[in-house]
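Please open the model in a viewer and keep the sequence panel at hand. The stops below are given in the order in which they may be selected.

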Amino acid sequence: MARSARSSASRLFYTLCSSTKSTPLIPHHPTPTTPLAALLAGNFHLRHYAASSAAARVREEKEAVWRESMEKVRNIGISAHIDSGKTTLTERVLFYTGRIHEIHEVRGKDGVGAKMDSMDLEREKGITIQSAATYCTWKDYQVNIIDTPGHVDFTIEVERALRVLDGAILVLCSVGGVQSQSITVDRQMRRYEVPRLAFINKLDRMGADPWKVLNQARSKLRHHSAAVQVPIGLEEDFNGLIDLVQSKAYYFHGSNGEKIVTEDIPANMEAFASEKRRELIEAVSEVDDKLAESFLNDEPISPADLEAAIRRATIARKFVPVFMGSAFKNKGVQTLLDGVLSYLPCPVEVSNYALDQTKNEEKVTLTGNPTGPLVALAFKLEEGRFGQLTYLRIYEGVIRKGDFIINVNTGKKIKIPRLVRMHSNEMEDIQEAHAGQIVAVFGVDCASGDTFTDGSVKYTMTSMNVPEPVMSLAVSPVSKDSGGQFSKALNRFQKEDPTFRVGLDSESGETIISGMGELHLDIYVERIRREYKVEAQVGKPRVNFRETITKRADFDYLHKKQSGGQGQYGRVIGYVEPLEPGSGSKFEFDNMLVGQAIPSNYVPAIEKGFREAANSGSLIGHPVENIRIVLTDGASHNVDSSELAFKLASIYAFRQCYTAAKPIILEPVMLVEIKVPTEFQGTVTGDINKRKGVIIGNDQEGDDSVITADVPLNMMFGYSTSLRSMTQGKGEFTMEYKEHAPVSSDVQTQLVNTYKASKES
């Protein structure tokens with residue numbers, strides 16, 4: 001790969017880092033005789049020379065070097081609703097930056113598929129399943145990119161990417177506008193405080209309306225945003241862009257839009273561009289005091305001043321600049337890349353925190369200094385041809401091949417046998433990487449979310465938000481001989497994807513897999529078949545119901561058993577009650593014992609017994625949640641009491657009082673967004689009502705109706721087929737988990753009877 005020449009400062013930085021030798025975990029450095037010797041020896045502890053001005057100067061120079069090097073790095077993610085053009089956009093970015101030499105489409109006729117969709121399944125279905133990492137160079141800047149899935153079933157991939165990125169591009173379709181997954185992705189960006197740009201894509205499509213999309217972003221996403229570009233023509237007449245910051249027009253010529261021609265703004269668009277530029281300045285000056293001062297004083301605002309103000313406001317997450325273009329038609333991608341460099345932050349401009357485990361999880365700000373102690377987060381795991389591949393984001397320090405690092409979560413000391421940079425499914429070996437970079441390592445056994453350090457500090461990064469699975473399937477291998485490969489596949493997928501869970505049905509002995517939706521589980525069953533050559537039988541999808549109680553109930557249970565020798569004796573007294581709505585936890589155990597009626601060493605066994613009992617309610621055998629158990633009294637025996645006796649007493653006490661607490665069944669309710677041509681609106685609405693859905697919104701978008709409804713997941717199986725037949729194949733829908741809500745009494749009776757019948761049989 002042809003690498004661009006690094007600046008002299010960057011070269012000096014790399015030379016200094018490469019010349020440092022791998023230091024042991026407890027370094028013993030002979031004190032160098034001069035500050036320069038200290039720097040070259042890799043001994044960055046210049047405290048000995050604090051009084052010396054020469055040492056201070058060396059330190060300042062070194063800081064300037066790494067800061068300049070870090071300023072030329074961008075870590076960005078590309079996220080959007082499904083089919084908004086994320087992967088197509090990434091393909092163009094890689095082409096213009098010289099990482100690939102020809103463009104392939106996501107569902108291209110040549111059958112090659114986009115570079116970032118490296119999995120066969122992704123190329124066949126035309127969707128992104130796993131987030132893929134790559135890097136490229138644009139105008140001497142190194143840009144690390146993660147292309148993420150748009151489908152709600154793969155939301156964990158988006159969470160993992162945003163956790164470690166410094167900035168993001170939110171892609172919006174100029175026809176579809178702000179859709180359900182756009183809202184979810186934007187919510188995730190807010191959670192991880194990621195500054196973002198918006199890119200309105202597909203301006204070449206029939207019905208493209210960027211101004212409608214911009215207004216939707218302001219109303220639905222509550223973005224404080226304004227356009228930094230104006231399209232020259234729309235739909236089939238779209239042929240260029242006007243840059244409102246520089247007041248120039250750009251046209252994209254050549255077979256792949258690689259030749260950019262800069263001209264003056266067309267005369268017929270000058271008034272419109274001037275009005276939009278003023279709108280942009282007004283929007284930015286509302287959140288940037290420096291620009292507001294110039295704007296209120298009616299001073300002329302230069303392109304450099306406006307660019308600096310947009311950058312300040314974007315990094316502070318007070319403003320979202322909106323870019324425009326058509327990735328498929330090769331227009332507007334290079335100007336978007338310029339925007340990434342101009343407006344998104346470098347690693348040192350983002351505040352990252354770690355939790356110091358030696359000081360009761362006190363928050364520590366990470367400076368991003370490569371000379372500091374190593375702090376890196378494993379944010380994604382993949383099983384590759386050479387063993388487990390672990391993606392790391394380095395927050396501080398330098399990591400080198402052959403170094404020893406420590407997994408803070410497990411305390412294990414690990415040697416790094418191989419360090420690589422990823423380009424989709426290809427890898428390039430490197431010797432070292434410094435703070436701000438995203439790399440991958442082989443042969444490191446860890447879990448997603450583990451933190452690594454060099455042993456000098458004990459920091460952990462805050463863990464990621466992992467949503468609960470909403471759907472389950474029973475799976476089993478067709479052939480008994482392939483059981484080993486089958487369990488190997490399930491173990492690997494569980495490690496890679498925290499939202500994919502595997503369990504065993506205690507009654508039927510079936511293996512149960514749980515995930516975020518039908519597509520999520522279908523993809524894993526298909527991957528077991530392809531990657532492990534195991535044919536799997538799939539049972540009927542099952543919904544993850546929950547049980548809860550609605551009123552307080554007291555318990556007083558004595559467990560007494562005498563069978564020769566030491567008996568069993570344990571008595572527990574107390575009550576169960578429902579937790580307050582919105583109280584974070586799902587199970588609480590309070591020990592309100594006064595005195596020594598029950599010795600304190602038995603209390604953990606009592607709690608364990610209640611937790612075990614709550615794993616399976618008596619209505620339909622599903623876990624019980626939103627429950628508080630209070631232990632008020634009890635009795636013990638000097639000889640016969642034991643942990644087992646109290647654990648069993650707790651389990652029986654729970655079962656004894658459960659019916660009196662008026663239990664109910666909760667089912668997962670999905671937020672469903674359906675987009676159909678208006679003529680089918682009545683039919684689709686009627687079908688939603690039949691499925692016990694509650695319609696909460698109905699908007700008009702051109703000739704389409706967008707219906708939003710809350711529908712029980714149990715009623716949504718096979719909905720895609722029904723929707724196609726109702727709308728002649730013109731309807732589409734997306735759904736995401738909203739909450740668990742009580743089922744109606746007739747459904748509860750039906751579920752309980754089915755459960756009893758299955759137990760008896």
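pLDDT is the predictor's confidence in each residue, on a scale from 0 to 100. This is a predicted model, and the mean pLDDT of its chain is 79, with 84% of the residues reaching 70 or more.

**Whole chain.** Begin with the cartoon representation, in which the secondary structure comes to 19 helices and 38 strands. Of the 761 residues, 54% count as buried. Among contacts with a separation of 6 or more, 71% are accounted for by residues 24 or more positions apart.

**Colour by confidence.** Which element has the lowest mean pLDDT, and which the highest? Select helix α2 (residues 35-40) for the lowest value, 38, and strand β11 (residues 320-324) for the highest, 93. Next select residues 1-51, where pLDDT stays under 50 and the model has 64 contacts beyond four places in sequence. Residues 107-119 also have pLDDT that stays under 50, and for them the model has 47 such contacts.

**Asp-166.** Display the side chain of Asp-166, which lies in the loop between α6 (155-164) and β4 (167-173). Is this residue buried or exposed? The relative accessibility of Asp-166 is 1%, under the 20% limit, so Asp-166 counts as buried. Add Asn-75, whose side chain is joined to that of Asp-166 by a polar contact of 3.0 Å. Then add Arg-393, whose side chain also forms a polar contact of 3.0 Å with that of Asp-166. To complete the surroundings, select the other residues that Asp-166 touches beyond four places in sequence: Val-194, Pro-195, Pro-345, Cys-346, Pro-347 and Val-350.

**Cysteines.** How many disulfides does the structure hold? The number is zero. Two cysteines to select are Cys-136, buried at 1% relative accessibility, and Cys-173, buried at 4%.

**Aromatic pairs.** A pair of aromatic rings is described by the distance of the centres and the angle of the planes. Rings count as a pair if their centres lie within 6.5 Å, and by this rule the count comes to 12 aromatic pairs. Select Phe-589 and Phe-610: their ring centres are 6.2 Å apart and their planes stand at 35°, so the pair is tilted. This pair links distant parts of the chain, with Phe-589 in strand β33 (residues 587-591) and Phe-610 in helix α15 (residues 603-614), 21 residues apart. Phe-589 is buried, with a relative accessible area of 14%, and Phe-610 counts as buried at 0% relative accessibility.

Move next to Phe-654 and Tyr-658, an aromatic pair that is stacked, at 5.4 Å centre to centre and 25° between the planes. Both residues lie in helix α16 (residues 643-658), four residues apart, which is about one turn of the helix. Phe-654 is buried, as is Tyr-658.

Finally for the ring pairs, select Phe-493, Phe-500, Tyr-524 and Tyr-532, which ring pairs link into a cluster.

**Charges over rings.** Select Lys-72 with Tyr-141: the charged end of Lys-72 sits over the ring of Tyr-141, 5.1 Å from its centre. The last stop is Lys-413 with Phe-404, where Lys-413 lies over the face of Phe-404 at 4.9 Å from the ring centre.

Key. Residues are numbered from 1 along each chain as its sequence is written. This is a predicted model: local features need pLDDT of at least 70, side-chain atom pairs count only at pLDDT 80 or more; totals for chains, interfaces and linings use all residues. Side-chain values use heavy atoms; hydrogens and water are left out. Rings of Phe, Tyr and Trp (its six-membered ring) pair if their centres lie within 6.5 Å; planes under 30 degrees apart count as stacked, over 60 as edge-to-face and the rest as tilted. Helices (H or I, at least four residues) and strands (E, at least two) are DSSP runs, numbered from the N terminus. Buried means under 20% relative accessible area, exposed over 50%, partly exposed in between (1.4 Å probe, protein chains only). A charge sits over a ring if NZ of Lys or CZ of Arg is within 6 Å of the ring centre and within 35 degrees of the ring normal. Contact means heavy atoms within 4.5 Å. A disulfide is a pair of cysteine sulfur atoms within 2.5 Å. A polar contact is a pair of N or O atoms within 3.5 Å; within protein, one must be able to donate a hydrogen and the other to accept it, and residues adjacent in sequence count only if both atoms are side-chain atoms.
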